[in-house]
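Subject: Structure handover, with notes on one strand and its aromatic residues

Hello,

I am passing on the structure we spoke about. Please open it alongside this email, since the notes below refer to individual residues.

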Amino acid sequence: MILEGIVTTRNADGSVEETTRWRIVAVNEKELKLQQLSPAGDGKVYTLADDNRVVALNKDTGAEMWVKQPTDPAGGSLGNIQKVATVFYDGMVYVGTNDGTRNTILALRASDGEMVWFFYGADKPEPWDNRVF
């Protein structure tokens with residue numbers, strides 16, 4: 001997790017160990033949206049930046065490893081990711097959008113940020129005969 005530029009890890013016994021300290025001001029002249037809990041894995045910390053970009057930083061130095069602005073196959077927006085957290089698991093970074101009635105879930109390869117898959121959520125359910133399906 002990142003707290004004020006301090007990279008920490010939680011050990012199996014529950015103790016917390018400070019590993020590195022660095023400060024990030026901006027990435028590509030855009031503000032980072034450092035989450036209170038930014039996941040780390042594969043030697044990187046994953047967070048978000050302006051313009052719906054996902055950013056991977058070197059966990060030891062804070063250097064930018066990759067920056068991606070995921071889009072659909074036609075180059076269109078997959079939605080607003082600026083207010084959600086990233087999740088790292090098994091070599092993948094998962095991100096969701098928060099666009100109201102239709103949201104998107106997407107998966108990026110942690111190694112290079114390339115999008116592996118995405119899918120759209122369903123529209124808001126509409127009642128039919130006083131029932132919602």
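What follows is a short account of the aromatic pairs and of the strand at the centre of these notes. Please keep in mind that this is a predicted model.

Aromatic pairs

The search covered the whole structure and returned five aromatic pairs. One of them is formed by Y46 and W66, with 6.1 Å from centre to centre and 40° between the planes, which makes the pair tilted. Its two members come from distant parts of the chain: Y46 belongs to strand β6 (residues 44-49) and W66 to strand β8 (residues 64-68), 20 residues apart.

Y46 also pairs with F88. Here the ring centres are 5.5 Å apart and the planes meet at 5°, so this pair is stacked; the cut-off for stacking is an angle under 30 degrees. This contact again links distant parts of the chain, with Y46 in β6 and F88 in strand β9 (residues 87-89), 42 residues apart. Taken together, Y46, W66 and F88 make up one aromatic cluster.

Are the residues of the tilted pair buried or exposed? Y46 has a relative accessibility of 0% and therefore counts as buried. W66, at 6%, counts as buried too. The limit that matters for both is 20% relative accessible area, under which a residue is called buried.

Strand β6

The strand that carries Y46 is mostly covered, with six of its six residues buried. In a regular strand, side chains alternate between the two faces of the sheet. For β6, one side holds K44, Y46 and L48, the other holds V45, T47 and A49, and both faces are covered.

Neighbours of β6

Which strands does β6 pair with in the hairpins? On one hand there is β5 (residues 40-41), which runs antiparallel to β6 and is joined to it by two bridges. In that pairing G41 stands opposite K44. Two residues lie between the strands of this hairpin, and D42 has a positive phi near 55°.

On the other hand there is β7 (residues 53-58), also antiparallel to β6 and joined to it by six bridges. K44 appears again here, standing opposite N58 in β7. The hairpin of β6 and β7 has three residues between the strands, and D51 takes a positive phi near 65° in it.

If you look at one place, I suggest Y46, which belongs to the cluster with W66 and F88.

Regards

How values were computed
Residues are numbered from 1 along each chain as its sequence is written. This is a predicted model: local features need pLDDT of at least 70, side-chain atom pairs count only at pLDDT 80 or more; totals for chains, interfaces and linings use all residues. Side-chain values use heavy atoms; hydrogens and water are left out. Rings of Phe, Tyr and Trp (its six-membered ring) pair if their centres lie within 6.5 Å; planes under 30 degrees apart count as stacked, over 60 as edge-to-face and the rest as tilted. Helices (H or I, at least four residues) and strands (E, at least two) are DSSP runs, numbered from the N terminus. Buried means under 20% relative accessible area, exposed over 50%, partly exposed in between (1.4 Å probe, protein chains only). Two strands pair if DSSP finds at least two bridges between them.
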